[in-house]
Amino acid sequence: MTDDWRPTATIATLRERARLLAEVRAFFAERDVLEVETPVLGHGGSTDLHLASLSARATTPAGRERLWLQTSPEFAMKRLLAAGAGPIFQLARCFRDGEVGRRHNLEFTMLEWYRPGLTLDELIEETAALVSRVLGREPGSEAGPPRRRRYRTLFREALAIDPFTAPLAELRRLAADKGGLAMDDAPRDDCLDLLMSLVIEPGLGREGIDVVVDYPASQAALARRHRDPEDGEWVASRFELYLEGLELANGYDELTDAAEQAARFDEDNAARRAAGLPEVDIDRRLVAALEHGMPEGSGVALGIDRLIQLALGKSSVAEVMAFATPRC
């Protein structure tokens with residue numbers, strides 16, 4: 001008889017997880033941020049080229065339909081923002097196909113929150129404060145406040161290239177060399193992502209919280225874009241927060257333009273077709289909500305399992321989940 005019926009986390013760890021989730025809820029209660037719940041299933045999924053969405057066939061009042069399991073609660077939460085919810089947060093169950101490993105699980109918990117009226121810099125400070133609280137540390141106790149690191153500067157320091165202007169052939173060569181993979185036909189962002197994850201990320205957050213800013217505009221996802229002060233190049237108004245080589249959070253100055261959002265969805269699906277990937281149904285209700293009007297502000301998604309893993313000194317997210325994917 002096998003014992004794969006047992007949880008992947010100990011009961012003592014699950015008690016600690018519950019305690020830390022209570023700290024998260026207390027953090028937002030103190031700031032008058034409303035906890036919400038939104039559906040796991042939706043008529044639209046994530047069109048992001050780098051995410052693999054899961055879907056299911058279900059019987060609805062409209063008949064048999066394909067519904068998408070959320071990769072993030074973002075779309076539904078933005079519809080609440082457009083309806084006047086004000087600042088909101090959610091601890092949401094999310095799903096991403098194929099993502100199983102030491103830092104990933106097919107089903108996981110995402111902490112996502114939105115702050116109408118807050119600038120990206122203000123949200124960076126709030127995110128760092130939350131991370132410090134869950135870890136049981138005073139904000140900035142290790143090495144001062146969160147350190148901003150420009151994406152472009154990181155590549156120059158680590159690889160002696162400019163990620164915005166380096167020839168694609170050079171990026172493919174570097175990516176193949178560092179990753180040991182055939183990258184002859186890889187698009188630019190795939191090369192940059194591989195170099196970021198293998199060369200740059202492991203060194204981030206080793207002396208306190210590092211926050212990477214000014215990503216390429218092609219990696220803006222659902223964020224606004226702004227001009228790079230160095231040369232006027234368009235860059236994404238987003239950040240990623242790192243600690244001890246682990247990416248914990250991804251934040252945006254949120255896009256509120258409905259036409260731009262619809263165009264990005266279409267561009268994503270065109271890129272998916274070109275890459276031989278299945279198209280994903282567009283969330284038309286999100287576009288309608290943006291047309292109605294969503295308040296300007298910032299939002300962030302944080303991998304709560306990773307943060308708890310870090311807080312409890314575990315080696316994998318499976319050790320802080322009741323039943324990780326292999327045992328679900």
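Which residues do ring pairs link into a cluster? In this predicted model, the cluster that ring pairs build consists of Phe27, Phe28, Phe89 and Trp113. Across the structure, six aromatic pairs are found. A pair of aromatic rings is described by the distance of the centres and the angle of the planes, and both values are given below for two of the pairs.

The pair formed by Phe28 and Phe89 is stacked, with the ring centres 4.5 Å apart and an angle of 15 degrees between the planes. Because Phe28 belongs to helix α1 (residues 11-30) and Phe89 to strand β5 (residues 88-95), this contact ties together parts of the chain that are 61 residues apart in sequence. Both partners can be placed by their accessibility: Phe28 has a relative accessible area of 0% and is therefore buried, and Phe89, at 2% relative accessibility, also counts as buried, since the term applies to values under 20%.

Phe75 and Phe265 form an aromatic pair of the edge-to-face kind, in which the centres are separated by 5.7 Å and the planes by 70 degrees. Phe75 is part of helix α2 (residues 74-82) and Phe265 is part of helix α7 (residues 258-274), so that this pair ties together parts lying 190 residues apart in sequence. Both Phe75 and Phe265 are buried.

Aromatic rings also take part in contacts with charged side chains. Arg31 lies over the face of Phe27, at a distance of 3.6 Å from the ring centre, and Phe27 is itself one of the residues of the cluster described above. In a second contact, the charged end of Arg238 is placed over the ring of Tyr215, at 4.0 Å from the centre of that ring.

Side chains of opposite charge can pair when their charged atoms come close. A search of the whole structure gives 31 salt bridges, among them one between Arg148 and Asp121, whose closest N and O atoms are 3.3 Å apart. As Arg148 lies in strand β7 (residues 147-150) and Asp121 in helix α3 (residues 120-134), this salt bridge ties together parts that are 27 residues apart in sequence. Arg148 is partly exposed, with a relative accessible area of 32%, and Asp121 likewise counts as partly exposed, at 48% relative accessibility.

A salt bridge also joins Glu260 to Arg225, with 3.6 Å between the closest N and O atoms. This pair links distant parts of the chain, since Glu260 is located in helix α7 and Arg225 in strand β9 (residues 225-227), 35 residues apart. The relative accessible area is 27% for Glu260, which is therefore partly exposed, and 34% for Arg225, which is partly exposed as well. Helix α7 thus holds Glu260 of this salt bridge and Phe265 of the edge-to-face pair.

Some of the salt bridges share partners, and in this way Arg150, Arg152, Arg156, Asp162, Asp214, Asp228, Glu230 and Asp231 are joined into one network. Within this group, Arg156 forms a salt bridge with Asp162, and the closest N and O atoms of the two residues are 2.9 Å apart. The surroundings of these two partners are described by different terms, because Arg156, at 34% relative accessibility, counts as partly exposed, whereas Asp162, with a relative accessible area of 14%, is buried.

Conventions. Residues numbered from 1 in each chain as written. Predicted model: local features only at pLDDT ≥ 70, side-chain atom pairs only at ≥ 80, totals over all residues. Heavy atoms only, no water. Phe/Tyr/Trp six-rings, centres within 6.5 Å; stacked < 30°, edge-to-face > 60°. Helix = DSSP H or I, 4+ residues; strand = E, 2+ residues; numbered from the N terminus. Buried < 20%, exposed > 50% of the residue type's maximum accessible area, 1.4 Å probe, protein only. Lys NZ or Arg CZ within 6 Å of the ring centre and 35° of its normal. Salt bridge = Lys/Arg side-chain N within 4 Å of Asp/Glu carboxyl O.
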